[in-house]
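Reader: I'd like a close look at one part of this model, taken slowly. Pick a stretch where the charges and the backbone both give us something to talk about, and tell me how it sits in the whole.

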Amino acid sequence: MTTHRLLPLLAACVFSAAAQAATPDSCDAERVQLQVLGSGGPELNDQRASTSYLIWLDGKARVMVDVGGGSSLNFEKSGARFADLDAVLFTHLHVDHSADWPVFVKGGFFTGRDRDLPVYGPYGNHLLPAVDKFQEALLGLGWSYLSNYLVNDERAAYKLPATVVNAEDTVWFQSLERVTLKGLNVNHGPLPAVAWRVEAAGCSIVFSGDTSATSDNLTRLATSADLLVAHNAIPEAATGVARRLHMPPSRIGEIAAQAGVKKLVLSHRMLRTLERESDTLREIRKNYQGPVDFADDLSKYAL
Ligand SMILES: [Zn+2]
């Protein structure tokens, strides 16, 4: 599969670390909102949909980040239209970030969408496939059901071209008609993972995805962002596998402060962090003094 036929509207390249975080204009906050479709992790008893976010621009949902289980129902509740989306981004491919994708694709058949919907996500390794191969497996390439969205088949009114991002040191970016997407690899144990920065109308929203944030890549990507969505998957005292996969509240506060983000939203809330919000906030406040909010499903944030 290829993205080439999306040109000339798109232009992809990489650029220097010095320029990576620059947002050229001041944020036109009236025009941009973040909405949380899923504020939970993978648990079955957290009363939350799994991870998913929408970025609204001028009253239309233009970018969706992750599509965990339950996100498609909250997409309906949000009033968003599938036909309006300009891009779908995956931070990584565990099911709590990706499982509803076939639900969206099948549902999209009934929406009148007739233009390609580009999909972006991480590279693969021995533990997870790259986003293009993942999508082919998920949508059943080789059967006749949803795979017509991936191949040249006139039954599908549009295609889902997938772009693999692997940006270890240098920020990857792509400018679409209305939004600019920037990605940088982050540590999530041994799993391929990408943090995303979405810029629109001079505003910037950064998504940590799941990460232990052992490198400074998330800080680099989040520099001067109007809003950072950070995943609050573990409490401060977590150790072992959980700590190798996720960042504790103190690290979130450190990153928010060092990056100088204007607002912090905590999501991917799990049973091990729910009802520990005051502890979490105390750790964050050791470094970061800006506004902090704990997300719920369908929470909507102005910038
Ligand atoms: Zn997760």
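Author: Let's start from the outside: the protein exposes about 12100 Å², and carbon and sulfur atoms supply 52% of that. Keep in mind that this is a predicted model. Of its 303 residues, 60% count as buried. The radius of gyration is 18 Å, which agrees with the value near 19 Å that a compact globule with 303 residues would have. Along the principal axes, the C-alpha atoms fill a box of roughly 55 × 40 × 40 Å. The secondary structure comes to eight helices and 15 strands. As for what touches what, 67% of the contacts with a separation of 6 or more involve residues 24 or more positions apart.

Now the part I'd pick: the loop between strand S13 (264-267) and helix H8 (277-285), where Leu274 is found. Leu274 has 16% relative accessibility, so it counts as buried, the cut-off being under 20%. Set aside the neighbours within four places in sequence, and Leu274 is in contact with Asp46, Arg48 and Arg269. To get your bearings, you can also look across to Phe294: 20 residues separate it from Leu274 in sequence, and 9.7 Å in space, C-alpha to C-alpha.

Two of those partners take us to the charges. Side chains of opposite charge can pair when their charged atoms come close. Here Arg269 and Glu277 do so, forming a salt bridge at 2.7 Å, N to O. Both Arg269 and Glu277 are buried. And the pair is part of a network of salt bridges that links Arg48, Arg269, Glu277 and Asp296. So Leu274, which counts as buried at 16%, is in contact with two members of that network, Arg48 and Arg269.

In the same loop between S13 and H8 you'll find Glu275. Where Leu274 is buried, Glu275 is exposed, with a relative accessible area of 79%. The backbone deserves a look here too. Most residues other than glycine have a negative phi. Glu275 is not a glycine, yet it has a positive phi of about 70°.

If you want another case of that to set beside it, try Ser224, in the loop between helix H5 (217-222) and strand S12 (227-231). Ser224 isn't a glycine either, and its phi is positive, about 60°. At 38% relative accessibility, Ser224 counts as partly exposed. There's a glycine with a positive phi as well: Gly140, just after H4, at about 70°.

That helix makes a handy comparison for the charges. In H4 (residues 131-138), Lys133 and Glu136 sit three residues apart, about one turn of the helix. An α-helix has 3.6 residues a turn, so residues three or four places apart point the same way. Their side chains meet in a salt bridge at 3.9 Å, N to O. Whereas Arg269 and Glu277 are both buried, the H4 pair is mixed: Lys133 is partly exposed at 49%, and Glu136 is buried at 16%. Glu136 joins Val131, Asp132, Phe134 and Gln135 as the buried residues of H4. Those buried residues pack against helix H2 (95-98), helix H3 (101-108), strand S6 (119-122) and S7.

One more charged pair is worth your time, Arg81 and Asp84, whose side chains form a salt bridge at 3.1 Å, N to O. Asp84 counts as buried, at 7% relative accessibility. Stepping back, the structure holds 15 salt bridges. The 29 positive and 34 negative charges have mean positions 1 Å apart.

For a last check on loops, look at Ser212, between strand S11 (203-207) and helix H5 (217-222). Ser212 is buried at 3%. Beyond its neighbours within four places in sequence, its contacts include Asn187, Arg243, Arg244 and His246. Asp169, in the loop between strand S7 (162-165) and strand S8 (172-175), is exposed at 53%. Not counting residues up to four places away, Asp169 touches Leu184 and Arg220. Back in the loop between S13 and H8, you have both cases side by side: Leu274 buried and Glu275 exposed.

Note on methods: Residues are numbered from 1 along each chain as its sequence is written. This is a predicted model: local features need pLDDT of at least 70, side-chain atom pairs count only at pLDDT 80 or more; totals for chains, interfaces and linings use all residues. Side-chain values use heavy atoms; hydrogens and water are left out. Helices (H or I, at least four residues) and strands (E, at least two) are DSSP runs, numbered from the N terminus. The radius of gyration is taken over C-alpha atoms; the globule rule is 2.2 Å times the number of residues to the power 0.38. Buried means under 20% relative accessible area, exposed over 50%, partly exposed in between (1.4 Å probe, protein chains only). Contact means heavy atoms within 4.5 Å. Accessible areas come from the Shrake-Rupley method with a 1.4 Å probe; for residues, only the protein chains shown count as cover. Lys and Arg count as positive and Asp and Glu as negative; His and the chain ends are not counted. The place of a charge is taken as NZ of Lys, CZ of Arg, CG of Asp or CD of Glu. A salt bridge is a side-chain nitrogen of Lys or Arg within 4 Å of a carboxyl oxygen of Asp or Glu.
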